[in-house]
Amino acid sequence: MPDPLLTAENNRWRERAKAVADEHVRPVAWKYDRLQEYPWEVKAAMADAGLFGVFVPPEYGGTSGSVLDQCLVVEELSRACGGVGVSFTVNALGAFPILVAGTEEQKQQHLPGVATGETLVSFGLSERN
């Protein structure tokens, strides 16, 4: 059921992510939790549904969804499996510095693969001491 507080576009992203979560994530979440392996089949389903392009601008192969759209996708994936939600978010977290501060050459090189799910990115975090 669409949320009346969200835009039609927000609700489309939410429903698309929910469908992937219900059909592809939830049925195998227990398996990957136990195996402690990356769920490549789930990643493929997310890519097929176009979820990886939610936050990437169209000029780099994405759909130019909003940060709220990104959050709605993460929320639906996380309802089915927290690990999948986190892995999806980390990909976005790794790509945002390229979006915000990357050169045009870096954007052209990296973002099209991110948008299709062909390229997975990450980020390095360190703490003092």
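Here is a walk through a few helices of this structure, their contacts and their salt bridges. Keep in mind that the model is predicted.

Let's start with α1 and α4. Helix α1 covers residues 8-25 and helix α4 covers residues 67-80, and their axes come within 8 Å of each other, crossing at roughly 25°. Angles under 35 degrees count as roughly parallel, so α1 runs roughly parallel to α4. As for its hand, the crossing of α1 and α4 is right-handed.

Which residues make up this contact? On the α1 side you'll find Glu 9, Asn 10, Trp 13, Arg 14, Ala 17, Lys 18, Val 20, Ala 21 and Val 25, and on the α4 side they meet Leu 68, Asp 69, Leu 72, Val 73, Glu 76, Leu 77 and Ala 80. Sorted by class, the contact of α1 with α4 has 10 nonpolar residues, five charged ones and one polar one.

Now for the charges. Searching the whole structure turns up seven salt bridges. A good place to look is around Asp 22, whose side chain meets that of Arg 26 in a salt bridge with an N to O distance of 2.4 Å. There's a third partner to keep in view here, as Lys 18, Asp 22 and Arg 26 are linked in a network of salt bridges. Lys 18 is also one of the α1 residues that meet α4. How buried or exposed are Asp 22 and Arg 26? Asp 22 has a relative accessible area of 33%, so it is partly exposed, and Arg 26, with 38%, is partly exposed too.

Over in α4, have a look at Arg 79. Glu 75 forms a salt bridge with Arg 79, with the closest N and O atoms 3.6 Å apart. Glu 76 and Arg 79 also meet through their side chains in a salt bridge, this one at 3.4 Å, N to O. The spacing along the helix is worth a moment. Glu 75 and Arg 79 both sit in α4, four residues apart, while Glu 76 and Arg 79, both in α4 as well, are three residues apart; each of these spacings is about one turn of the helix. An α-helix has 3.6 residues a turn, so residues three or four places apart point the same way.

The surroundings of these side chains can be read from their accessibility. Arg 79 counts as exposed because its relative accessibility is 53%. Glu 75 is partly exposed at 37%, whereas Glu 76 has a relative accessible area of 8% and is buried. Glu 76 is also among the α4 residues that meet α1.

Next comes α3, which spans residues 40-48. Its buried residues include Val 42, Lys 43, Ala 45, Met 46 and Ala 47. What covers them? The cover over the buried residues of α3 includes α1, α4, α5 and α6 (104-116). Just after α3, take a look at Gly 50, which has a positive phi of about 80°.

Another glycine rounds off the tour. Gly 83 belongs to helix α5, residues 82-101. With a relative accessibility of 46%, Gly 83 counts as partly exposed. Its C-alpha atom is 8.5 Å from that of Ala 29, although Gly 83 and Ala 29 are 54 residues apart along the chain.

How values were computed: Residues are numbered from 1 along each chain as its sequence is written. This is a predicted model: local features need pLDDT of at least 70, side-chain atom pairs count only at pLDDT 80 or more; totals for chains, interfaces and linings use all residues. Side-chain values use heavy atoms; hydrogens and water are left out. Axes are lines fitted to C-alpha atoms, for helices over the stretch in contact, and angles run from 0 to 180 degrees between N-to-C directions. Helices (H or I, at least four residues) and strands (E, at least two) are DSSP runs, numbered from the N terminus. Angles under 35 degrees count as roughly parallel, over 145 as roughly antiparallel, 65 to 115 as roughly perpendicular and the rest as oblique. A crossing is left-handed if the near helix is turned anticlockwise from the far one by less than a right angle, and right-handed if clockwise. Contact means heavy atoms within 4.5 Å. Ala, Val, Leu, Ile, Met, Phe, Trp, Tyr, Cys and Pro count as nonpolar, Asp, Glu, Lys and Arg as charged, and the others, Gly among them, as polar. A salt bridge is a side-chain nitrogen of Lys or Arg within 4 Å of a carboxyl oxygen of Asp or Glu. Buried means under 20% relative accessible area, exposed over 50%, partly exposed in between (1.4 Å probe, protein chains only).
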